[in-house]
Structures are given as structure tokens and as C-alpha cells.
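Please open the model in your viewer and keep the selection panel at hand. The tour moves from one selection to the next and says what is to be found at each stop.

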Amino acid sequence: MKPCLGEGFLFSKYSFEARMEEIHRIGYEYVETGINPHAPKDEIEEHGRIMRRNSIKPAAIGGGGPIASLNEETRRQAVDNVKRQINLAQMLDCGVITCEMSGGTSGQRDECIQAFKVSAEELAPVLERAGVYAAFEAHPGDFVEDNNTAVDILKEIGHDNIGYMYCGPHTFILGDDAGAMIEYAADILKWVHIADTYKQERIIVSDASKGYVSMVGLPDYKGLTAHMHLVPGDGEVDFGSIFRTLKKVGYGGFVSAIPFDSVTPVQTAAQSLKMMRKYIDEA
């Protein structure tokens, strides 16, 4: 397993060059980065040069779009955006794109699943030609929020270049047992997100409009919502089980830290790397 940093939110207040300099200084070699797929070619090439100057490699290009939307125009635009994302990955010699399974709500599940499959069939030959894998994650608040349903959908599509992303901070929404969920997804697991959170019953949004969160028996937090991405070890996710299971199923890909903290990004990224290395060593 190789540590990686999902840097887009964390270093959002930094220029691209400054964030790559900091990330290299912290000790990361790989990033999951979100570059505008509509950016001109020279800008994308400059991003590549900046990463190379700082000995940073792009492990995945984040992005995606509502490819399960029931609005056909929105769905087609989202598919076009993902195609651009694939092209961008190709330009930067990157083998993975990461996307949410998005486009609707659980009340529209069956229709959204069909729309998602249509989009996936359109994307599959593009991914294959480019030699790029797409890792899709079930996402809270969208048409599929549980691990096994998402895995079943992706297995039904049955394309080698389309797989699953397990997201650690969604653990308590995705299902009951992190290890069991990873084992269920093992055959198509392409990417893993690492960040911590609390069990849902501990989180009470006291003023969502202002970003305040209360947690039973814990202090109030400002600037966070119930969808939390904390440094590994700061919440209640059992990362020991996650990393042991990843090793058990033979997962040798990237584990990408995605904490949401633009206030102290350097410290947060450094602590996340330290914790990931600890869990990898102990697995």
C-alpha cells in the first residue's frame, strides 16, 4: 500500500506550486489532485511540470460529475466532463480517476442506477483506450449510500476499467463492518480514501447554515458539518481493521488521505501521513 494525499480541499488557499512544495516537504510522493478538466493544454502541462519539479507524481485525478442524473442534458454534460478528466489523466501519465456515484437521491434509486449504467457504458471504451481506471464511490446523500449496493452495481457493469473506491470517513453510512465491506469489494477495489469521522448517532448538526456541529460528549466544532473528514485516529473509524483487511485481500494500491481542514493544512497533512504509515506498518 502506498500513501497519497488528496490535496484539493486541504490546500485550497495555496497556489498549485505552493501546495506541491509543501506536500513534498511533508514527505508525500503522490497526490490525488483535482485539476479543472476544461483547463487549456498549456495550463495542464504546467501543472505537470510543477509536480515533477517537486518530485510529486499524480496518483489519481479527482472530479467526476452527476452521471446518474435523470436530466438527460445534465447527464450528458457530466459524461463529457468525465471524458475530459480521463484525457487529463492521460496527459499527466496518471492511471486512475476518482468519482462519486452521483446524480440523484435514494428516492430515485432505480432510475438513477439505470442512468449510471448508461453513462458507464459510454465511458468504458474511453477508459480502456486511455489505459485509465475509474474508481467510483457510494456517497452520502446520493442515490446509493451503502457499500454492497454500490459494489453490486459496479460488478453488474462488469468492465475491467471500472471499479470501486472505499471511503473511510463514510464508514458509518456505508454499512456496519469496515472489514467485511472491504472484503465484499475486494475484486473490484481500485482506490481507498482515508480520513476519520464519528458514528452518526454522535453527530448533531446544531446550525448547519453556519457550519456548527455538536457531538455527544465532545466539544463543538466550527467549520465542519456532519459529513466529517478528520485526521486518522481523531474519530471512531477502526483503521486497524481497514488496513488489516486491505492487506488480507491483497490490496496493493494507494491509500489517499482526504482530511477537510484548510485552517492547518500542513499539520493535518503531516499527521495524516504519520498515521497512515503507522497503520500500514502494523497491518
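Start with helices H7 and H8, which are roughly parallel to each other because their angle falls in that class (angles under 35 degrees count as roughly parallel, over 145 as roughly antiparallel, 65 to 115 as roughly perpendicular and the rest as oblique). Helices here are DSSP runs of H or I with at least four residues, strands are runs of E with at least two, and both are numbered from the N terminus. This is a predicted model, in which local features need pLDDT of at least 70 and side-chain atom pairs count only at pLDDT 80 or more, while totals for chains, interfaces and linings use all residues. Residues are numbered from 1 along each chain as its sequence is written, and side-chain values use heavy atoms, with hydrogens and water left out.

**First stop: H7, H8 and H5**

The axes of H7 and H8 are 8 Å apart and the two helices pack at an angle of about 25°, where axes are lines fitted to C-alpha atoms, for helices over the stretch in contact, and angles run from 0 to 180 degrees between N-to-C directions. Their crossing is right-handed, a term used if the near helix is turned clockwise from the far one by less than a right angle. Select Ala178, Gly179, Ile182 and Glu183 in H7, and you will find them meeting Ser241, Ile242, Thr245, Leu246 and Lys248 in H8, contact being heavy atoms within 4.5 Å. The residues of this contact divide into four nonpolar, three polar and two charged (Ala, Val, Leu, Ile, Met, Phe, Trp, Tyr, Cys and Pro count as nonpolar, Asp, Glu, Lys and Arg as charged, and the others, Gly among them, as polar).

Now colour H8 (residues 239-248) by accessibility: seven of its ten residues are buried, so the helix is largely enclosed by the rest of the structure (buried means under 20% relative accessible area, exposed over 50%, and partly exposed in between, with a 1.4 Å probe and protein chains only). The buried residues are Phe239, Gly240, Ser241, Ile242, Phe243, Thr245 and Leu246. Which elements do the buried residues of H8 pack against? They pack against strand S6 (162-167), helix H6 (171-174), helix H7 (178-185), strand S7 (189-194), strand S11 (254-257) and helix H9 (265-282).

Add helix H5 (residues 147-157), which packs with H7 at an angle of about 5°, the axes being 10 Å apart; H5 and H7 are therefore roughly parallel to each other. Here Asn147, Asn148, Val151, Asp152 and Lys155 in H5 meet Met181, Tyr184 and Ala185 in H7, and by class the contact has four nonpolar, two polar and two charged residues.

**Second stop: the loop before H8**

Select Gly235, which lies in the loop between strand S10 (218-222) and H8 and is partly exposed, with a relative accessible area of 23%. Apart from residues up to four places away in sequence, Gly235 touches Asp196, Thr197, Tyr198 and Leu230. A distance label between the C-alpha atoms of Gly235 and Val249 should read 25 Å, with 14 residues separating them along the chain.

**Third stop: the barrel**

Show the strands, and a closed barrel of eight appears, running S1-S2-S3-S4-S5-S6-S7-S11 with parallel pairing; two strands pair if DSSP finds at least two bridges between them. Strand S4 (residues 96-100) and strand S5 (residues 133-137) pair in the parallel sense over five bridges. In this pair Glu100 stands opposite Glu137 in S5, and Ile97 has Ala134 in S5 as its bridge partner. Strand S5 is mostly covered, four of its five residues being buried.

**Fourth stop: Pro58, then H1 and H2**

In strand S3, select Pro58, which counts as buried at 15% relative accessibility. Leaving aside its neighbours within four places in sequence, Pro58 is in contact with Val31, Met51, Leu92 and Cys94.

Met51 leads on to helix H2, where His47, Ile50, Met51 and Arg53 meet Phe16, Glu17 and Met20 of H1. The residues of this contact divide into four nonpolar, one polar and two charged. The axes of H1 (residues 16-26) and H2 (residues 41-53) come within 9 Å and cross at roughly 25°, and the crossing is right-handed.
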